[in-house]
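Work through these exercises with the sequence and the structure open. Each task is followed by its solution.

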Amino acid sequence: MWVSTTPLYAEEPPTLLVMGDSLSAAYGIEQEQGWVALLAERLEDDARVVNASISGETTSGGAQRFAELIGQQPPDIVLLELGGNDGLRGLPPAQMRANLATIIEQSQQADAEVLLLGIDIPPNYGQAYRDAFTSVFHSLADEYDIPLVPFLLEGIALNKQLMQSDGIHPTAEAQPIILDNVWPALETLLEETYQASSQ
């Protein structure tokens with residue numbers, strides 16, 4: 001369990017904004033079973049978790065509503081989990097990259113840290129498209145010097161027992177594993193955010 005190193009907050013506990021699609025919106029399962037709800041539970045009073053994820057959201061939709069979102073509630077950390085729907089629709093990776101870059105830049109201008117949550121698409125989209133798609137996440141992480149979880153559904157996507165019947169969305173049983181995939185990188189960011197805010 002991650003615990004803040006400072007006994008009292010220098011400021012308010014950090015706000016985490018989860019900007020995602022159905023993978024973060026608990027599609028097909030109870031809301032409280034989703035990995036974002038489990039994250040809020042794990043952090044308890046150490047952070048405020050705002051889930052702005054919408055099922056079916058593309059990077060274009062996310063980029064369009066992001067400025068207003070951070071204007072309403074400036075986050076300390078943005079967990080950016082978008083791109084899966086772009087991939088499933090076969091949209092150009094360059095367009096996806098530009099939209100994600102917009103969200104990252106707006107986050108950084110608002111002094112928020114960004115954790116990029118990468119995703120992969122099924123093999124039937126062809127290796128060339130998959131390579132172009134997944135490389136977007138790596139190149140953005142390098143360019144903007146932000147941490148990356150390479151594949152949100154690591155250890156889940158190829159296990160039929162952990163996937164819903166559509167083969168795209170993870171089951172309730174998979175949600176703690178998703179949180180475990182995100183946690184190491186997020187924990188590091190949280191520690192840095194606390195240290196920065198307590199100085």
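**Exercise 1: The cavity**

Task: Find which residues line the largest cavity.

Solution: The lining consists of Ser22, Leu23, Ala26, Tyr27, Ile29, His169, Pro170 and Gln175. Keep in mind that this is a predicted model. Next, sort the lining by class: five residues are nonpolar, three are polar and none is charged. Then take the volume, which is about 30 Å³ for the largest cavity. Finally, search the whole structure: one cavity of 30 Å³ or more turns up.

**Exercise 2: The pocket**

Task: Describe the largest pocket by its volume and its lining.

Solution: Start with the space. The largest pocket holds about 450 Å³. Its lining has 20 residues, and Asp120, Ile121, Pro122, Ala157 and Gly167 are the closest to the centre. Now ask which helix gives the most to this lining. The answer is helix 3, residues 84-88, with three residues. Last, count by class: the lining of the largest pocket has 12 nonpolar, five polar and three charged residues.

**Exercise 3: The nonpolar core**

Task: Say how many residues the largest nonpolar core has, and which of them have the most contacts inside it.

Solution: The core has 57 residues. Those with the most contacts inside it are Leu16, Trp35, Leu39, Leu79, Leu80, Leu115 and Leu186. Next, look at where the core residues come from. Strand 1 (15-20), strand 3 (77-81) and strand 4 (113-117) are among the elements that each supply at least two. So are helices, including helix 1 (35-43), helix 2 (59-72), helix 4 (93-109), helix 5 (127-144) and helix 6 (175-197). Helix 6 gives the most, with eight residues.

Now pick Leu115 from the core. Set aside its neighbours within four places in sequence. Leu115 is then in contact with Val78, Leu79 and Leu80, with Pro147, Leu148 and Val149, and with Val182, Ala185, Leu186 and Leu189.

**Exercise 4: Strand 4 and its partners**

Task: Explain why strand 4 is largely enclosed by the rest of the structure.

Solution: Count the buried residues, using under 20% relative accessible area as the cut-off. Four of the five residues of strand 4 are buried, so the strand is largely enclosed.

Then find the partners. Strand 3 runs parallel to strand 4, and four bridges join them. In this pairing, Leu79 stands opposite Leu115. Strand 5, residues 148-149, also pairs with strand 4 in the parallel sense, over two bridges. Here Leu116 stands opposite Leu148.

Key:
Residues are numbered from 1 along each chain as its sequence is written. This is a predicted model: local features need pLDDT of at least 70, side-chain atom pairs count only at pLDDT 80 or more; totals for chains, interfaces and linings use all residues. Side-chain values use heavy atoms; hydrogens and water are left out. A nonpolar core is a set of buried Ala, Val, Leu, Ile, Met, Phe, Trp, Tyr and Cys residues joined through side-chain atoms within 4.5 Å. Buried means under 20% relative accessible area, exposed over 50%, partly exposed in between (1.4 Å probe, protein chains only). Contact means heavy atoms within 4.5 Å. On a 1 Å grid over the protein atoms alone, a cavity is a set of points where a 1.4 Å probe fits but cannot get out, and a pocket is an open set with protein on both sides within 12 Å along at least five of seven lines; lining residues have an atom within 4 Å of a point. Grid points are joined across faces, edges and corners, and a volume is the space filled by probe spheres set on the points. Ala, Val, Leu, Ile, Met, Phe, Trp, Tyr, Cys and Pro count as nonpolar, Asp, Glu, Lys and Arg as charged, and the others, Gly among them, as polar. Two strands pair if DSSP finds at least two bridges between them.
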